[in-house]
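Here are some notes to read alongside the model. I hope they help as you go through it; each point can be checked against the coordinates.

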Amino acid sequence: MTNNDVLRRIRYTFNLRDEKVVAIFAHAQCKVSETQVQNWLKKDDDATMVELADVELASFLNGFIIEKRGRKAGEQPKPETTLTKNIMLMKLKIALQLQNDDIIDLLASTGFTLGKSELTAFFRKPDHKNYRHCKSQFLRNFLQALQDKHRKPYTPKKSKNKLTGAVASDIENELVDTSYKSARANASKLYVNPNATKAASKKSTRTVLKLKPEDIYKNSK
């Protein structure tokens with residue numbers, strides 16, 4: 001796993017734009033341009049891709065710590081000229097304020113099991129007898145776990161009606177308006193004549209005679 005891979009994954013996981021990456025480098029007093037960032041982010045099979053040096057990635061990670069946690073008073077740490085996977089892991093742990101249990105839980109979400117003593121060995125000094133070298137596979141699983149946690153899935157924006165400016169979902173709600181159901185809280189308590197519906201549905205069969213006034217008094221004489 002190369003330095004470029006690490007930068008690409010962090011940028012994607014936290015949705016960092018090129019100008020934001022430049023600003024993070026600036027936190028660590030490292031001046032870079034957007035063009036440099038774009039060249040670092042290109043695919044490995046691209047002939048114009050530029051390899052990211054250890055000291056440059058170390059500067060970015062130092063700036064990432066400041067971005068996430070703020071700048072501490074006093075002298076700022078200098079970037080390492082030789083960067084190991086152990087140091088990368090440590091810097092990410094500091095930036096995201098992760099405890100060992102947090103890292104173990106994150107890795108478990110990807111199906112990668114690890115004991116606390118094994119994890120602690122990554123953070124020991126290289127000359128310690130229990131020091132353990134962090135390999136690319138472990139760092140890759142850790143970065144994948146971070147991506148699963150922090151990278152939000154894409155949700156399409158709601159379109160607006162050009163004429164009314166109403167959001168599409170609001171229009172749908174208007175088409176299926178159920179507000180009338182709660183308009184009369186005591187509607188069920190109102191008396192209803194049970195024969196009213198039946199009477200209204202039946203047509204009268206009674207013959208109505210239409211007589212003129214002179215017909216009514218014709219035989220009364």
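**Notes on helix packing and the core**

1. Let me begin with one pair of helices: α1 and α4 are roughly parallel to each other, because the angle between them is about 25 degrees and anything under 35 degrees falls in that class. Their axes lie 10 Å apart, and the crossing of α1 and α4 is left-handed. On the α1 side the contact is made by Asn3, Val6, Leu7 and Ile10, and on the α4 side by Asp54, Leu57, Phe60, Leu61 and Phe64. Sorted by class, the residues where α1 meets α4 are seven nonpolar, one polar and one charged. Please keep in mind that this is a predicted model.

2. Now for the overall picture. The protein chain has eleven helices and zero strands, so a list of its elements from the N terminus on reads α eleven times over. Of its 221 residues, 29% count as buried. If you look at contacts between residues at least 6 apart in sequence, 62% of them join residues at least 24 apart.

3. Which residues touch the most other members of the largest nonpolar core? They are Ile10, Phe60 and Phe142, in a core of 44 residues. Helices that each supply at least two residues of this core include α1 (3-13), α4 (54-69), α6 (100-108) and α8 (136-150); α2 (18-27), α3 (34-41), α5 (85-95) and α7 (116-122) do so as well.

4. Phe60 deserves a closer look. Leaving out residues up to four places away in sequence, Phe60 touches Leu7, Ile10, Leu16, Val21, Ile24 and Phe25. Ile10 is thus a name to remember: Ile10 is listed with Phe60 among the core residues that touch the most other members, and both take part in the contact of α1 with α4.

5. Asn3, found in helix α1, is the polar residue you may want to inspect next. Asn3 is buried, because its relative accessible area of 10% is under the 20% cut-off. Not counting residues up to four places away in sequence, Asn3 touches Leu52, Ala53, Asp54, Leu57 and Met88. Two of these partners, Asp54 and Leu57, are on the α4 side of the contact with α1. Asn3 and Trp40 are 37 residues apart along the chain, while their C-alpha atoms are separated by 9.1 Å.

6. Arg11 is also found in helix α1. Is Arg11 buried or partly exposed? Arg11 is partly exposed: its relative accessible area is 27%, which lies between the limits of 20% and 50%. Beyond its neighbours up to four places away in sequence, Arg11 touches Leu16, Arg17, Asp18, Val21 and Leu41. The C-alpha atoms of Arg11 and Leu41 are 9.1 Å apart, with their positions 30 residues apart in sequence.

7. Leu41 leads on to α3, whose buried residues are Val37, Asn39, Trp40 and Leu41. What covers these buried residues? The cover includes α1, α2 and α4.

8. The packing of α2 on α3 has an angle of about 105 degrees, and the axes are 9 Å apart. The two helices are therefore roughly perpendicular to each other, as the range for that class is 65 to 115 degrees. In α2, Asp18, Glu19, Val21, Val22 and Phe25 meet Glu34, Val37, Gln38, Trp40 and Leu41 in α3. By class, the contact of α2 with α3 has six nonpolar, one polar and three charged residues.

9. A further perpendicular pair is worth your time. α6 and α8 pack at about 85 degrees, with 8 Å between their axes, and that makes α6 roughly perpendicular to α8. Ile103, Leu106 and Leu107 of α6 make the contact with Phe138, Asn141, Phe142, Ala145, Leu146 and Lys149 of α8. These residues divide into seven nonpolar, one polar and one charged. Phe142, named here, is also one of the core residues that touch the most other members.

10. Lastly, Asn100 is found in helix α6. With a relative accessible area of 17%, Asn100 is buried. Leaving aside neighbours within four places in sequence, Asn100 is in contact with Lys93, Leu119, Thr120 and Phe123.

Conventions: Residues numbered from 1 in each chain as written. Predicted model: local features only at pLDDT ≥ 70, side-chain atom pairs only at ≥ 80, totals over all residues. Heavy atoms only, no water. Core = buried A, V, L, I, M, F, W, Y, C linked by side-chain atoms within 4.5 Å. Buried < 20%, exposed > 50% of the residue type's maximum accessible area, 1.4 Å probe, protein only. Helix = DSSP H or I, 4+ residues; strand = E, 2+ residues; numbered from the N terminus. Contact = heavy atoms within 4.5 Å. Axes fitted to C-alpha atoms, helices over the stretch in contact; angles between N-to-C directions. Parallel < 35°, antiparallel > 145°, perpendicular 65-115°, else oblique. Left-handed = near helix turned anticlockwise from the far one by under 90°. Nonpolar A, V, L, I, M, F, W, Y, C, P; charged D, E, K, R; others polar.
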